[in-house]
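Trainee: I'm new to this one, so could you pick a single part and walk me through it closely? A bit of the surroundings would help too.

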Amino acid sequence: MMNHTNTKGTYLLAVSEDFPTIVCLCGSTRFSDAFKKANLQETLAGKIVLSIGCDFQSDDALGLTEEDKARLDILHLRKIDIADEILVLNVGDYIGQSTSREIAYARERGISIRWLEPHSCKGHGCPCGAELIITDRN
């Protein structure tokens, strides 16, 4: 059992064997429909879902500064830190730079990676790490 303190007092977070899996959604914010659908599907599957803060407007439409974007990127990495797995929303197998960084981050920490759509490894430098697995066998 873990104790956490907040400003309103102490509460207990009971962690048991049946504690739900925590999944963090990763992908391009251009796929807002995929985020909404995955959030619902994963929630209905009994998982705790961590996602992006806003999935209905682009960063530019929200008026975010580069500093804001950097802070949000770091916040998303912290979400990955507390997740049991990530679900990559690779619509059309598109993986952008931020998502690539998130996949590599999860892989480095031993966090399970699932794909929304079948992933076709792009070879050397692909964030999925498949080339590392092939290399490690030798």
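Mentor: The protein has 5 helices and 6 strands; helices (H or I, at least four residues) and strands (E, at least two) are DSSP runs, numbered from the N terminus. Going along the chain from the N terminus, the elements come in the order β-β-β-α-β-α-α-β-α-β-α. Keep in mind that this is a predicted model, where local features need pLDDT of at least 70, side-chain atom pairs count only at pLDDT 80 or more, and totals for chains, interfaces and linings use all residues. Residues are numbered from 1 along each chain as its sequence is written, and side-chain values use heavy atoms, with hydrogens and water left out.

How far does the predictor trust its own work? pLDDT is its confidence in each residue, from 0 to 100. The average for the protein is 82, and 77% of the residues score at least 70. Strand β5 (residues 85–88) has the highest confidence, at 98, while strand β1 (residues 2–6) has the lowest, at a mean of 43. Over residues 1–7 the pLDDT is below 50, and the model gives this stretch 13 contacts beyond near neighbours in sequence; a contact means heavy atoms within 4.5 Å. Residues 132–138 also stay under 50, with 1 contact beyond four places in sequence.

Now for the part I'd pick: helix α3, which covers residues 66–82. α3 has 17 residues and spans 25 Å from first C-alpha to last, close to the 24 Å expected at 1.5 Å a residue. That expected span is 1.5 Å times one less than the number of residues.

Which of its residues are tucked away? In α3, D68, K69, H76, L77, K79 and I80 are buried. Buried means under 20% relative accessible area, exposed over 50%, and partly exposed in between (1.4 Å probe, protein chains only). In the protein as a whole, 33% of the 138 residues are buried.

K79 deserves a pause. Although buried, K79 has no salt bridge, and the nearest side chain of opposite charge, E102, is 9.2 Å away. Here Lys and Arg count as positive and Asp and Glu as negative, while His and the chain ends are not counted. A salt bridge is a side-chain nitrogen of Lys or Arg within 4 Å of a carboxyl oxygen of Asp or Glu. What K79 does have is a polar atom of its side chain 2.4 Å from the backbone oxygen of S51. Leaving out residues up to four places away in sequence, K79 touches C24, L50, S51, I52 and G53.

Elsewhere on α3, charges do pair up. E67 forms a salt bridge with R71, with their closest N and O atoms 3.7 Å apart. The two sit 4 residues apart in the helix, so about one helical turn separates them. E67 itself is exposed, at 58% relative accessibility. Further along, D81 and R78 form a salt bridge at 2.8 Å between the closest N and O atoms. D81 and R78 are 3 residues apart in α3, again about one turn of the helix. Both are partly exposed, D81 at 35% and R78 at 38%. Away from those pairs, salt bridges that share partners tie E42, K47, E85 and R114 into one network. Within that network, E42 and K47 meet at 3.4 Å, N to O; E42 is buried at 9% relative accessible area, and K47 is partly exposed at 22%. The whole structure has 11 salt bridges.

One neighbour to know is helix α4 (residues 97–108), whose 12 residues reach 17 Å from first C-alpha to last, close to the 16 Å expected. Its buried residues are T99, E102, I103, A104, Y105 and A106, and the buried residues of α4 pack against β3 (22–26), α3, β5 and β6 (112–115). R101 in α4 is partly exposed at 41%. R101 and D73 are 28 residues apart along the chain, with their C-alpha atoms separated by 9.7 Å. R101 also makes a side-chain polar contact of 3.2 Å with S98; a polar contact is a pair of N or O atoms within 3.5 Å, where within protein one must be able to donate a hydrogen and the other to accept it, and residues adjacent in sequence count only if both atoms are side-chain atoms. After α4 comes G110, with a positive phi near 75°.

Notes. pLDDT = per-residue confidence, 0-100.
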